[in-house]
Amino acid sequence: MSKMLIVDDEEKIRAVVREYAEFEEFEVTEARDGMEAVALCRENDYDIIIMDVMMPRLDGYSACKEIRKQKDVPIIMLSARGEEYDKLFGFEMGVDDYVVKPFSPKEVLARINAIIKRNKSGNEPAGETVKFEGLEINFTARDVFIVGGLEIDLAGREVYVDGVRASMTPKEYDLLFYLVKNKNIALTRNKLLEEVWGYDFFGDDRTIDTHIKMLRNNLGPYRKFIVTLRGMGYKFQV
């Protein structure tokens, strides 16, 4: 049974999301503000968090930032603010999806199930060894991609840059892993949106550019492997 944390200062919103979630057999916990959510995440593990933006004591974005320091858990933001820059700011903060109020509970549950399904997907590629600029590149038997000081553990969802573990959002992991699994293949922005965010994602291709920028910052000297295809998209080139 998947575990969900609903964080909203409005009891009616928590109740309606809980009703639909429990109907689909989620184990649901509620929090009334960001402070309570952070405290619950210190003590418990959740498969997904539904988080309001505007809350007393600690707002949703600040709570998301604190939770990310502890747990790698998908977060869907709920907000009455539906402008494009609001959504892009949310994605820059590391949220996995952004839903504008008023919303359809059925749509929210569909998004939740899509995110959980993607996170539990385990279709990793087979092992191989190639060469790039004098460096040996390996996909090991346990699906760890290694090139120089960059180590990408697909199964364990961990990335190490020169021996230091990179701190990335779940969506940055998803995007990097998809690029690596399809290395040397040109991928359009629309293709990346469909495969990483899902067909039901309501956004534009600038979301991809924002996440690529954050991903490159996290990869440091190995950012060179993510190549921009002008007017088209990106590829992980080795």
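Colleague: Which residue stands opposite Asp-97 in S5?

Modeller: Ile-76 does. Keep in mind that we are reading a predicted model. Ile-76 belongs to strand S4, residues 75-79, and S4 pairs with S5 in the parallel sense over 4 bridges.

Colleague: How should I read the sheet, and in what order do the strands run?

Modeller: The general idea first: strands of a sheet pair through backbone hydrogen bonds, either parallel or antiparallel. Here 5 strands make an open sheet with parallel pairing, in the order S2-S1-S3-S4-S5.

Colleague: Which strands stand at the edges?

Modeller: Strand S2 (27-31) and strand S5 (97-100); each has a single partner strand, so one side of each lacks a neighbour in the sheet. From one strand to the next, the twist averages 20 degrees.

Colleague: Which strands does helix H1 touch?

Modeller: Helix H1, residues 11-23, packs on the sheet and touches S1 (3-7), S2 and S4. The direction of H1 makes about 170 degrees with that of S2.

Colleague: Now the rings. How many aromatic pairs does a search of the whole structure find?

Modeller: There are 4. To read a pair, look at the ring centres and the angle between planes; planes under 30 degrees apart count as stacked. For Tyr-222 and Phe-225, the centres are 6.4 Å apart and the planes are at 5 degrees, so this pair is stacked. Both residues are buried, and they form one aromatic cluster with Phe-145 and Phe-236.

Colleague: Where does the charged end of Lys-3 sit?

Modeller: Over the ring of Tyr-46, 5.7 Å from the ring centre. Lys-171 likewise lies over the face of Trp-197, at 5.5 Å from the ring centre.

Definitions and conventions:
Residues are numbered from 1 along each chain as its sequence is written. This is a predicted model: local features need pLDDT of at least 70, side-chain atom pairs count only at pLDDT 80 or more; totals for chains, interfaces and linings use all residues. Side-chain values use heavy atoms; hydrogens and water are left out. Two strands pair if DSSP finds at least two bridges between them. Helices (H or I, at least four residues) and strands (E, at least two) are DSSP runs, numbered from the N terminus. Axes are lines fitted to C-alpha atoms, for helices over the stretch in contact, and angles run from 0 to 180 degrees between N-to-C directions. Contact means heavy atoms within 4.5 Å. Rings of Phe, Tyr and Trp (its six-membered ring) pair if their centres lie within 6.5 Å; planes under 30 degrees apart count as stacked, over 60 as edge-to-face and the rest as tilted. Buried means under 20% relative accessible area, exposed over 50%, partly exposed in between (1.4 Å probe, protein chains only). A charge sits over a ring if NZ of Lys or CZ of Arg is within 6 Å of the ring centre and within 35 degrees of the ring normal.
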